[in-house]
Amino acid sequence: MKRIRLILSIAGGVLLLGLVNFYIGYHAWLLVRNWLPGMSQTVFWPVFWVIALAYIICRTPLPPVLKPLARFLKVIGSYYLALMQFAIILLPVADLLYWILSLAGTDVSGYISEAGAVIVALLAVFIVWGSRNAWSTVLRVHTLGLPKQFERDLTIAVASDLHLGDIVGNRHLKKMVNRMNAMQPDIVLFAGDVLDDSVEPFVRHRMSEQLGKLKARYGVFAVLGNHEYYGGDIKKYTDLMNEVGIRVLQDEVAETAGVYIVGRKDKAAESMDSEGRKSVASLLEGLDLTRPVIMMDHQPTGFEAAAKAGVDVLLSGHTHRGQIAPIHWITRRLFELDWGYLNKENLHVIVSSGYGTWGPPIRLASRSEIIGLSLNTN
């Protein structure tokens with residue numbers, strides 16, 4: 001029965017995706033036909049469907065000789081995902097306005113060209129502004145006083161959701177490394193999704209070497225996100241990180257600078273890891289809870305359990321704050337905290353919108369960010 005439901009869900013998703021893209025393609029064809037009367041449908045539709053399905057095509061197994069083509073399609077497909085989302089919002093508005101004007105007896109003979117020009121201009125603005133938000137990073141500083149004693153005040157640089165791969169590459173990564181090093185951090189933490197699924201571009205572009213240039217007095221630590229699990233090559237990834245001095249904590253605790261760094265496996269481990277993942281309480285069992293406990297858990301869930309177990313600071317990411325508006329309205333409803341800061345009992349929760357991007361390198365109503373965390377004793 002579960003298998004039948006899964007098949008029906010996939011079929012329904014494929015059908016919906018096809019209908020949405022046909023709706024967009026039909027409107028695009030009306031505009032192209034208006035602007036380029038000589039264009040043939042036999043040329044337009046194959047080109048349109050390759051672009052519309054590029055992100056899916058690039059993920060299918062291809063022979064090595066076609067790998068460069070797959071990477072090119074991934075870039076094209078990523079930007080199309082953003083355009084598709086914008087079009088889903090703009091096109092129904094344009095259709096409704098056309099219907100209202102027609103009922104009012106207004107001459108709509110030039111409507112397709114005029115409305116099309118407005119929509120294309122808006123799409124260009126969204127892409128430019130969204131690209132600026134994705135590539136221009138902000139530093140958000142949180143100063144927390146903890147009712148515990150530790151060796152010294154700590155400066156911690158935090159980033160999540162780098163999504164390193166063929167789109168978010170070494171150029172953006174180098175900016176992050178330089179920005180973090182300028183903070184002169186005691187500790188650097190990565191709260192999951194360092195990879196954008198596949199480890200292959202991470203290896204090909206030698207990104208671990210760039211990460212190895214991070215300078216932190218007491219160490220650099222990371223946890224796994226759902227995308228590391230999706231990529232399916234966790235051991236290779238963790239080995240590369242270890243080689244450059246970055247410890248990936250998988251349901252483990254590290255002790256440094258008088259504090260505990262607790263790293264949970266991502267929630268995806270519950271279904272994708274044969275060993276599952278430990279509870280927060282079991283991870284903290286035996287620790288001296290008079291000392292600060294900083295926990296990284298990629299997906300922002302289980303705040304109450306973390307607070308009861310004795311965690312002082314919980315760092316998460318995953319949501320991207322929706323990445324592209326208005327999806328942030330959805331993430332706000334899905335999570336107790338989808339971005340920013342929350343104080344829950346004695347627990348301080350910080351959820352980052354992430355440094356990189358998934359899919360299109362576009363952000364609206366969210367920004368690429370690094371977290372600067374200053375810890376001191378009350």
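**Two domains and the spaces around them**

Okay, let me start with the join. The second largest pocket takes lining residues from both domain 1 (1-133) and domain 2 (138-377), so it lies between them. Before I go on, please keep in mind that this is a predicted model.

Let's stay with that pocket for a moment. Its volume is about 470 Å³. There are 22 residues in the lining of the second largest pocket, and the closest to its centre are Thr319, Gly322, Gln323, Ile327 and Trp358. If you want to find it by element, look at helix 4, helix 9 (226-231) and helix 14 (327-334), which each give two or more residues to that lining. What sort of residues divide up the lining of the second largest pocket? We get 10 nonpolar, 10 polar and two charged.

While you're in that area, have a look at Pro326. A cis peptide bond joins Ala325 to Pro326, with omega at about 10°. Pro326 sits in the loop between strand 9 and helix 14, and helix 14 is one of the elements I just listed for the second largest pocket.

Now the domains themselves. The domain assignment gives us domain 1 (1-133) and domain 2 (138-377). How far apart do the C-alpha centres of the two domains lie? For domain 1 and domain 2 that comes to 34 Å. The contact uses 19 residues of domain 1 and 20 residues of domain 2.

People usually want a number for an interface like this. The accessible area lost when the parts come together is often used to give its size. Here, about 1,600 Å² is buried between domain 1 and domain 2, and carbon and sulfur atoms give 60% of that. On the domain 1 side, Arg71, Gln85 and Asn133 lose the most area to domain 2, and together they make up 33% of what that side buries.

On to charges. Side chains of opposite charge can pair when their charged atoms come close. The structure holds 20 salt bridges, and two salt bridges are found across the interface of domain 1 and domain 2. One salt bridge to pull up on screen is between the side chains of Asp196 and Lys74, at 3.2 Å, N to O. Asp193 is worth a click too: its phi is near 55°, a positive value in a residue other than glycine. You'll find Asp193 in the loop between strand 3 and helix 7.

Next, the largest pocket. It has a volume of about 780 Å³. Of its 28 lining residues, Ile24, His27, Ala28, Leu31 and Leu91 are the closest to its centre. Helix 1 (2-35), helix 2 (41-52), helix 4 (67-103) and helix 5 (111-135) are the elements giving two or more residues to that lining. Which helix gives the largest share of the lining? That's helix 4, with 10 residues. By class, the lining of the largest pocket has 25 nonpolar residues, two polar and one charged. And yes, helix 4 has turned up before, in the lining of the second largest pocket.

Last stop, the enclosed space. Rolling a probe the size of a water molecule over the atoms shows where empty space is left. How many cavities of 30 Å³ or more does the count come to? Just one cavity, and the largest cavity has a volume of about 30 Å³. Its lining is Val158, Ala191, Leu315, Ser316, Ile350, Val351, Ser352 and Ile371. Strand 9 (313-316) and strand 11 (347-351) each supply at least two of those lining residues. By class, the lining of the largest cavity has six nonpolar residues, two polar and no charged ones.

So, if you take one picture back to the bench, take the second largest pocket, lying between domain 1 and domain 2 because both give residues to its lining. Thanks, everyone.

Terms used: Residues numbered from 1 in each chain as written. Predicted model: local features only at pLDDT ≥ 70, side-chain atom pairs only at ≥ 80, totals over all residues. Heavy atoms only, no water. 1 Å grid on protein atoms, 1.4 Å probe; cavity = no way out; pocket = protein on both sides within 12 Å on 5 of 7 lines; lining within 4 Å. Points joined across faces, edges and corners; volume = space filled by probe spheres on them. Helix = DSSP H or I, 4+ residues; strand = E, 2+ residues; numbered from the N terminus. Nonpolar A, V, L, I, M, F, W, Y, C, P; charged D, E, K, R; others polar. Domains from an automatic or database assignment. Contact = heavy atoms within 4.5 Å. Buried area = accessible area lost by both parts, 1.4 Å probe. Salt bridge = Lys/Arg side-chain N within 4 Å of Asp/Glu carboxyl O.
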